[in-house]
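Subject: Structure handover

Hello,

Here is the structure I promised to pass on. Please open it first, then read my notes below.

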Amino acid sequence: MDSTVERIMKFFEGRQGIEPDTELFGSGYVNSLFALEIVLFVEKEFKIKLSRREITRENFSTVRRIAQVVESHGERV
Amino acid sequence: MSIKLVIWDLDNTLWQGTLTEGGGEKLRPGVLGVIRELDRRGIVQSIASKNDFAPAKRRLESLGVWDYFLCPQISWGPKSRAVRTILDLLNIKENAALAADDSPFERDEIRSALPKLLVWDAADPGDVLLMPEAMPAFITEDGSRRRLMYKADLMRQEARREFSGNNEDFLKTLHMRLTVSPVTEEDLERVEELTVRTHQLNSTGYTYSFSELRELMTRPDWIFRVAALEDDYGDSGKVGIMLLRRQEGELVLKLLIVSCRVMSRGVGSALLAYATILAAREGRALLAEFRETEYNRIMYITYKLAGFEEQSEAGDKLLLRYGEGEPLTLPDYLDFREA
């Protein structure tokens with residue numbers, strides 16, 4: 001079974017230089033179109049719907065941070 | 001809710017009789033006029049029929065109507081699956097579509113899978129033209145070209161499936177040109193149509209009447225822009241609206257609308273970046289109004305991840321503030337022009 005981080009990393013296949021701790025927004029990797037795609041990918045991949053409060057730049061700043069959000073989301077349900 | 005799409009059954013709905021039993025030699029009386037009129041109104045059409053694809057296609061061609069239909073689903077699978085495929089391909093919501101089918105069984109099957117979709121027996125084909133849902137307030141230039149634009153979009157989707165790289169690299173291959181210009185009188189009908197037709201990419205869900213829009217056009221404290229998009233596959237026409245208001249030291253984005261048809265092409269991000277640039281030019285802080293509707297969550301996500309933070313909430317209206325010091329950079333997958 002893949003870890004949460006590995007499952008999110010699948011989204012970045014074919015994109016160079018993105019590691020679990022790469023800053024996505026500061027690095028120029030992410031424009032807002034791409035950011036929207038990440039949110040929609042994560043929701044589909046983990047079958048969750050993030051709340052308004054969870055959708056922040058900070059929560060999507062790195063792959064590892066996204067994984068934490070996904071995992072804490074799972075615990076509450 | 002106005003409808004954007006009519007999905008036709010073939011046997012005993014579009015044409016007389018059953019194709020596999022030697023029927024289908026003629027369209028039912030009145031059907032041709034209905035097909036042409038829906039097309040003129042900018043309501044696109046497709047087919048969900050249980051038949052073999054090749055002979056049904058040949059018959060539609062010899063009847064001279066094949067070109068009217070987008071992504072026809074002709075196979076022996078369940079009707080509801082065919083309908084859902086069409087909705088997905090065209091990115092149209094189930095409550096903005098009507099399925100015409102003579103069979104009560106098929107209508108029930110569609111209704112049980114897609115409860116918000118309108119179903120209709122097409123007993124008198126002309127009836128559809130009288131439904132209020134099928135009467136746009138205006139028939140705009142974009143409306144009558146809409147079928148061709150959807151066709152171009154189906155070709156883009158096909159190209160996307162064949163392209164192995166990431167989405168931005170694919171978008172670069174389209175050579176998009178996005179031109180933003182001040183609204184003119186001639187744009188207003190299309191602007192009103194966009195406010196009525198667009199739900200997923202509408203920041204507040206507000207609709208404005210023609211006369212309200214005309215008034216806003218003349219106000220010096222408002223900035224009112226339309227965005228037109230073209231690329232190698234064709235001209236998509238006017239696809240976006242931005243309405244901003246200067247208020248003290250701030251610039252408030254009152255309305256941002258992007259046509260659902262171009263949702264996957266990054267136009268919303270580009271317009272949002274442009275708004276941050278406008279605000280920076282005037283030395284104002286940028287705020288954006290957002291009102292949650294049943295469909296516009298994508299807009300909220302776009303704002304938040306572009307660097308907007310919630311500032312205050314009043315009733316159902318949320319005020320977001322762009323919190324980054326620097327304006328956003330215009331995306332490099334399109335050529336942005338200010339007219």
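How many residues of chain B are in contact with chain A, and how many of chain A with chain B? The answer is 16 residues of chain B and 15 residues of chain A. Keep in mind that this is a predicted model.

The interface, from the side of chain B

Three elements of chain B each give two or more residues to the side that touches chain A. They are α7 (167-173), α10 (267-282) and α11 (297-305). The largest share comes from α11(B), with 6 residues. By class, this side of chain B has 7 nonpolar, 7 polar and 2 charged residues.

Chain A

Chain A has 3 helices and 0 strands. Its elements run α-α-α from the N terminus on. Of its 77 residues, 22% are buried. Take the contacts in chain A between residues at least 6 apart in sequence: 62% of them join residues at least 24 apart.

Strand β1 of chain B

Start with β1(B), residues 5-8. Is B:Trp8 in this strand buried or exposed? B:Trp8 is buried, and B:Val6 on that side is buried too. On the other side, B:Leu5 and B:Ile7 are also buried, so both faces of the strand are covered. Side chains in a regular strand alternate between the two faces of the sheet.

β1(B) pairs with two strands. One is β4(B), residues 97-100, which runs parallel to β1(B) and is joined to it by 4 bridges. Here B:Trp8 stands opposite B:Ala100. The other is β2(B), residues 44-49, again parallel and again over 4 bridges. There B:Val6 stands opposite B:Gln45. Helix α1(B), residues 31-40, completes a right-handed β-α-β unit with β1(B) and β2(B).

The nonpolar cores

Nonpolar side chains tend to be buried together in soluble globular proteins. The largest nonpolar core in this model has 67 residues. Which of them touch the most other members? They are B:Leu244, B:Leu253, B:Val267, B:Leu271 and B:Ala275. The largest share of this core, 8 residues, comes from α10(B). That helix also gives residues to the side of chain B that touches chain A.

Look at B:Leu253 more closely. Beyond its neighbours within four places in sequence, B:Leu253 is in contact with several residues, among them B:Met242, B:Leu244, B:Ala275 and B:Leu286. B:Glu289 is on that list as well.

A second, separate core has 40 residues. Its members include B:Leu10, B:Val31, B:Val34 and B:Ala100. B:Ala100 is the residue opposite B:Trp8.

Best wishes

Definitions and conventions:
Residues are numbered from 1 along each chain as its sequence is written. Chains are lettered from A and ligands numbered from 1 in the order in which they are written. This is a predicted model: local features need pLDDT of at least 70, side-chain atom pairs count only at pLDDT 80 or more; totals for chains, interfaces and linings use all residues. Two residues are in contact if their C-beta atoms, placed from the backbone, lie within 7 Å. Ala, Val, Leu, Ile, Met, Phe, Trp, Tyr, Cys and Pro count as nonpolar, Asp, Glu, Lys and Arg as charged, and the others, Gly among them, as polar. A residue is buried if 20 or more other C-beta atoms lie within 10 Å of its own, exposed if 12 or fewer, and partly exposed in between; C-beta atoms are placed from the backbone. Two strands pair if DSSP finds at least two bridges between them. A crossover is right-handed if, with the strands pointing away from the viewer, the path from the first strand over the helix to the second runs clockwise. A nonpolar core is a set of buried Ala, Val, Leu, Ile, Met, Phe, Trp, Tyr and Cys residues joined through C-beta atoms within 7 Å.
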